Amino acid sequence: MLRVLVPALILLGFTTAATSSWPREKTRHLKPSDLNRFLGQFRDDREPDLVLSFLTDGGTVYVQSDHIPKTALRPLSKAELVTDGAPLHFTFGRDDGARYSSLRWSNGALTGSATRIGSVPANIHFRPYTRQETMIPMRDGVKLHTVILRPADTQQALPFLLSRTPYGVDEWTPISLHQRASELAESGYIFVEQDIRGRYKSQGTFVMMRPQADHSDPKEIDEGTDAYDTVAWLLENVPENNGKVGVMGVSYPGFLAAEVAIDPHPAVKAVSPQAPMTDVWIGDDFFHNGAFRETYGYDYVIGLESSSENAFGKLDQDAYDYFLYGASFLNVARGAEIADLPTSQAFLHHPAYDNFWLARAVERHLKKVKVPTLLVGGWWDQEDMWGPQAEYAALEPTDTAHENFLVLGPWNHGQWHEAARQLGDLDWGAPTGEQFRKQIEAPFFAHYLKGADGFDLEDTATFQTGTNRWMRYPHWPPKNGIQERGLYLSNDGALSFDKPSGGDATSFTSYLSDPANPVPYRKRPIEATYAPTGSGWYTWLAQDQRFLGARKDLASWITPVLDKSVTITGDVAADLFASTTGTDSDWVVKLIDVYPEDAQLGKLAGNEIIIASEIFRGRYWKGFDSPQPLPANQPVEYNFSLHGADHVFLKGHRIMVQVQSSWFPLYDRNPQQFLPNIMTAIPGDYKPATQRIFWSDEHPSHIELPIAQNGGE
């Protein structure tokens with residue numbers, strides 16, 4: 001849910017406000033000839049899309065980039081510059097005595113380097129904006145804190161771009177606007193940023209993912225009515241607007257943007273829910289197919305409900321040990337003194353898919369495309385990968401005007417607002433986030449809010465990984481040129497497109513699943529979700545799975561080396577026949593691309609990268625609303641989605657399928673015996689169980705793959 005904005009320059013430490021706790025070092029006064037040695041452009045060695053320009057003005061050295069206006073630097077020596085208010089330190093290296101040829105930067109534990117690519121600083125223009133704050137009244141009298149930014153260089157009537165958030169809007173300034181939305185800022189909109197009810201400076205009571213209200217009752221309120229009232233106020237009270245409004249947001253703000261699309265104000269002409277939390281029990285933040293996302297739920301309750309301002313990052317030890325020692329969520333929540341907070345109570349009293357979660361399921365209310373909608377998501381989104389695909393699917397049957405659009409890229413959560421050339425060790429060869437913003441996002445809003453030409457997306461754009469190229473389709477998933485084929489699990493860890501024939505009750509692969517030693521979901525130590533620095537949360541889905549080593553509590557199947565590339569374009573599903581000696585179980589299925597051991601691949605040599613994955617909690621085998629014990633030692637068929645993919649398993653690679661029964665501590669441990677409520681389990685409830693995955697003609701466990709001919713075009 002949390003939209004963490006960390007473009008490269010923000011990560012380096014460029015901020016808009018001083019940090020008084022940072023000690024000021026003594027300034028060194030330099031001669032003009034010394035200052036001139038800094039002049040020029042330097043490209044970051046790891047982030048090639050980050051180019052820093054150093055220039056002088058009035059005896060002061062400044063740094064700027066495409067996303068950062070001129071920021072003053074202070075010399076500590078002939079080769080050292082620092083920023084006031086942030087602990088960013090540049091140390092330069094020289095080549096011929098006239099110009100520095102390289103630099104190293106540091107910001108606390110973060111370090112990096114850059115190399116000179118030119119001696120003339122770039123001439124970068126930033127559109128000036130004015131800022132005002134106001135309190136906008138809602139229909140029930142509650143007032144919401146709002147920041148309004150508008151271009152200062154024009155009197156032209158402009159459209160609004162509205163974003164609503166629980167994460168605070170005080171940091172939205174003319175400078176931070178260019179850091180966060182440079183393409184849209186240069187185009188020119190009246191930007192409106194608003195604290196939702198009960199958060200930061202807004203009045204009222206915060207309700208996590210407030211349910212949809214009955215809009216026939218004028219006294220009822222929800223996030224949609226608050227947005228409606230905000231739009232009405234803006235049209236009436238902000239001069240020189242063109243009467244059109246766009247709404248956008250990422251993560252929780254993406255949910256808020258989707259709420260607008262259900263019953264929009266007539267002035268709303270475009271919405272873009274990006275990584276929207278959509279159904280937090282089925283496939284987004286808090287549960288996946290009934291399996292509870294324990295670390296995320298814990299961190300999020302603390303972050304949003306223990307204070308009216310963000311309070312993330314309070315875990316100071318390995319989360320694996322912390323949650324293992326805590327046993328159930330009830331015990332952990334009591335220990336952290338959060339058990340009585342509203343969403344903790346929801347977890348404890350509504351573990352199944354009941355009306356509490358159904359009321360918050362946004363896709364159930366998206367029954368018609370009432371306003372042009374651009375949905376955006378990432379293949380490796382660790383928080384809300386399911387949401388954009390689900391909302392697109394809900395709207396698509398009614399899209400008679402062809403105004404339901406979907407973009408899926410090679411990103412983690414919200415990464416499309418960075419350059420996004422890389423994710424972990426994966427390199428896409430181009431700044432995919434910048435491409436999306438310039439070629440799709442900015443033209444989308446310009447078309448529907450300003451009447452501009454240039455938006456040419458027919459329906460769906462995806463970034464096809466493996467070949468690393470953008471693809472466009474008339475529908476998602478595409479239908480033409482796609483053949484559904486089963487990739488079957490077999491004996492001796494073999495994986496084949498040939499369906500097994502024969503076999504009997506002994507045709508299975510087994511492993512022992514022990515809740516006392518669950519399979520970690522990423523490398524340890526596992527930091528708090530939003531730890532201030534260095535958290536592996538952001539890239540864990542793209543992490544090499546070889547960190548699991550030779551663990552015996554999972555099973556793997558793998559193809560021979562591919563003699564030709566295999567392209568999958570569409571929805572991937574698991575059809576698993578499995579049994580357990582217990583009466584409850586979790587089933588995790590991962591579809592993995594295994595890279596060859598080729599030195600030319602560098603860090604990727606031999607990597608095992610997840611392409612699609614999901615978990616299913618066995619107790620819901622007969623329905624998400626009616627948990628029931630599993631029949632011990634009897635095969636049960638589990639059919640569940642691993643969601644969409646557009647990926648090419650290249651020639652020379654191999655395809656792997658991996659099955660396990662824990663993914664800890666992202667998901668809470670299954671006691672492996674049926675309990676009325678796993679949330680309240682005690683240590684003695686957790687029992688080892690022997691798991692069997694069957695592979696015979698009677699029980700043909702397999703992955704259903706959408707195989708594309710000619711790339712699915």
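Helix 13, residues 432-450, lies across strand 11, strand 13, strand 14, strand 17 (373-378), strand 18 (404-409), strand 21 (460-464) and strand 22. The helix runs at about 160° to strand 14. The model described here is a predicted one.

The strands that helix 13 crosses belong to an open sheet of 10 strands. Read from one side to the other, the order is 9-10-12-11-13-14-17-18-21-22, and the pairing is mixed. Strands of a sheet pair through backbone hydrogen bonds, and this can happen in a parallel or an antiparallel way. At the edges are strand 9 (129-137) and strand 22 (469-473), each of which pairs on one side only. On average, neighbouring strands of this sheet are turned by 20° against each other, with direction ignored.

Now follow strand 14, residues 268-274. What joins strand 14 to strand 13? Six bridges do, and the two strands run parallel. Strand 13 covers residues 241-250. As one example of this pairing, Gly246 stands opposite Ala270 in strand 14. Strand 14 also pairs with strand 17, again in the parallel sense, over two bridges. Here Val271 has Thr373 of strand 17 as its bridge partner.

Is strand 14 enclosed or open to the outside? Six of its seven residues are buried, so strand 14 is largely enclosed by the rest of the structure.

Helix 6, residues 252-262, also packs on the sheet. This helix touches strand 11 (158-165), strand 13 and strand 14, and its direction makes about 135° with that of strand 13. Together, strand 13, helix 6 and strand 14 make a β-α-β unit, which is right-handed.

The last stop is a pair of helices. Helix 7 (residues 294-305) packs with helix 8 (residues 319-326) at an angle of about 95°, and their axes are 11 Å apart. An angle from 65 to 115 degrees counts as roughly perpendicular, so helix 7 is roughly perpendicular to helix 8. Which residues make the contact? Helix 7 contributes Glu294, Thr295 and Tyr298, while helix 8 contributes Ala319, Tyr322 and Phe323. Sorted by class, the residues in this contact are four nonpolar, one polar and one charged.

Methods. Residues numbered from 1 in each chain as written. Predicted model: local features only at pLDDT ≥ 70, side-chain atom pairs only at ≥ 80, totals over all residues. Heavy atoms only, no water. Axes fitted to C-alpha atoms, helices over the stretch in contact; angles between N-to-C directions. Helix = DSSP H or I, 4+ residues; strand = E, 2+ residues; numbered from the N terminus. Parallel < 35°, antiparallel > 145°, perpendicular 65-115°, else oblique. Contact = heavy atoms within 4.5 Å. Nonpolar A, V, L, I, M, F, W, Y, C, P; charged D, E, K, R; others polar. Pairing = 2+ DSSP bridges. Buried < 20%, exposed > 50% of the residue type's maximum accessible area, 1.4 Å probe, protein only. Right-handed = clockwise from strand over helix to strand, strands pointing away.
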